[in-house]
Amino acid sequence: MLNAQSKPNLLVARAIFPEILEKLSDYFVLETNQEDRIFPSQELVQRLQGKFGMLCTSSAKVNSELLNACPELRIVSTLAVGYDNFDLAACSEAGVLATNAPDVLNETTADFAWALLMAAARRVTESEHWLRAGKWEKWSIDCFLGADLHGSTLGILGMGRIGQAVARRSIGFGMKVIYHNRSRLGPEIEDASNNAEYVSKQDLFAQADHLVIVVPYSPEAHHLVGAGELAMMKPSACLVNVARGGIVDDVALIAALKEKKIAAAGLDVFENEPRFHPDFLELENVVLTPHIASASRKTRLAMAHRAADNLIAAVSGRMPLDLLNSASLRKSALSL
Ligand code: DGY
């Protein structure tokens with residue numbers, strides 16, 4: 001804990017749990033935003049004047065323009081695992097530490113990928129909408145026929161820690177797992193991931209009965225899944241995206257769902273969210289959720305603690321656990 005005079009200023013740019021504010025207030029003088037307004041970039045710059053650090057989410061774009069305008073800033077800490085909103089090269093150039101909050105959300109996000117996969121394959125939300133609309137008159141043999149998950153082949157695009165957690169859950173469904181990743185995983189990780197088999201991107205799309213996307217967003221991953229990839233998939237397949245908007249070309253996906261080139265999709269993330277493509281709303285064969293894959297109370301709290309701990313480490317002269325840009329240390333004014 002620091003004494004009042006030596007406490008630096010911190011902007012908590014989005015609403016957060018009160019216990020996190022209490023924890024941070026032992027180390028920082030806080031400017032908070034419990035009304036949870038997303039600050040336009042000019043206002044964010046203005047609020048960051050005189051601030052040592054910022055605790056933020058993916059909504060805060062940290063680029064050279066912002067960094068040049070905020071010379072006192074030393075650390076930006078997102079409570080998300082994804083950090084595509086941070087220009088890491090610009091942070092390093094400015095000597096600003098950038099941290100994220102990995103690991104603590106792996107299992108919760110994997111649970112949710114399965115929720116979307118099961119809902120899409122077994123047409124849960126589509127049939128519920130129909131029931132709520134008062135259309136159910138009798139049981140019938142072909143009412144909302146879906147696809148089985150058990151015994152099928154699960155494809156995973158991006159076999160990081162969340163992808164591996166998705167794979168482990170498939171053991172109970174007696175599924176075969178195939179995956180594609182930038183590089184092949186070691187045999188012990190493949191074994192622990194339901195004997196996952198590394199395949200080419202093309203084979204992944206062609207052979208998977210169902211596909212879960214868990215790759216982090218980067219400019220290279222933009223539209224990694226477009227019309228060409230969707231055309232390779234089986235017409236009975238479901239696609240799930242719990243990664244980031246922009247990895248899937250949403251216009252191409254809408255066309256594939258409309259034309260029944262694939263059976264269904266479960267989507268937690270979208271291009272330009274929260275203003276996603278309105279045509280999704282016209283489709284019955286898609287399950288839509290508002291970026292909540294990590295949203296269990298326990299996990300969101302753990303993410304916030306992790307982000308707070310990274311800030312506290314920096315202000316206490318320790319290396320933050322989740323430092324993304326060690327190059328920043330060369331220029332940083334902090335003596336870690
Ligand atoms: C993450 O942690 O990246 C989740 O998508 C929440 O933003």
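This is a short tour of a predicted model, stop by stop, with something to select at each one.

**Stop 1: the two domains**

Start by colouring residues 4-104 plus 297-330 as domain 1, then give residues 106-288 another colour as domain 2. Domain 1 is written as two segments of the chain, so pick up both when you type the selection. If you drop a marker at each domain's C-alpha centre, the markers sit 32 Å apart.

**Stop 2: the interface**

Now show side chains where the domains meet. Eight residues on the domain 1 side are in contact with five on the domain 2 side. Together the two domains bury about 560 Å² between them, with carbon and sulfur atoms supplying 37% of that area. Which residues of domain 1 lose the most area to domain 2? Select Asp 84, Asp 103 and Thr 299: this trio accounts for 71% of what the domain 1 side buries.

Keep Asp 84 on screen and add Arg 244. The two form a salt bridge, and their closest N and O atoms are 3.1 Å apart. Side chains of opposite charge can pair when their charged atoms come close. How many salt bridges cross the interface of domain 1 and domain 2? The count is two. Polar contacts across the interface come to five residue pairs. Sorted by class, the domain 1 side that touches domain 2 is made up of three nonpolar, three polar and two charged residues.

**Stop 3: a bridge within a helix**

Zoom out for a moment: a search of the whole structure turns up 24 salt bridges. For one of them, select Glu 128 and Arg 132, whose closest N and O atoms are 2.6 Å apart. Both residues belong to helix 6, residues 124-132. They are four residues apart, about one turn of the helix.

**Stop 4: two backbone details**

Stay with helix 6 and follow the chain into the loop that runs from there to strand 6 (153-157), where you'll find Phe 144. Check its phi: the value is near 50°, positive in a residue other than glycine.

Next, go to the loop between strand 11 (264-267) and strand 12 (286-288), and pick out Pro 274. What is the peptide bond from Glu 273 to Pro 274 like? That bond is cis, with omega near 10°.

**Stop 5: the annotated spans**

Finish by overlaying the UniProt annotations, both from an unreviewed entry. Residues 12-324 carry "domain: D-isomer specific 2-hydroxyacid dehydrogenase catalytic". That span is 35% helix and 13% strand, and its end C-alpha atoms lie 20 Å apart.

Then select residues 115-293, which UniProt lists as "domain: D-isomer specific 2-hydroxyacid dehydrogenase NAD-binding". Here the chain is 30% helix and 15% strand, with 9 Å between the end C-alpha atoms.

Key:
Residues numbered from 1 in each chain as written. Predicted model: local features only at pLDDT ≥ 70, side-chain atom pairs only at ≥ 80, totals over all residues. Heavy atoms only, no water. Domains from an automatic or database assignment. Contact = heavy atoms within 4.5 Å. Buried area = accessible area lost by both parts, 1.4 Å probe. Salt bridge = Lys/Arg side-chain N within 4 Å of Asp/Glu carboxyl O. Polar contact = N/O pair within 3.5 Å; in protein donor to acceptor, adjacent residues only side chain to side chain. Nonpolar A, V, L, I, M, F, W, Y, C, P; charged D, E, K, R; others polar. UniProt positions renumbered as here; feature names shortened; annotations may be inferred.
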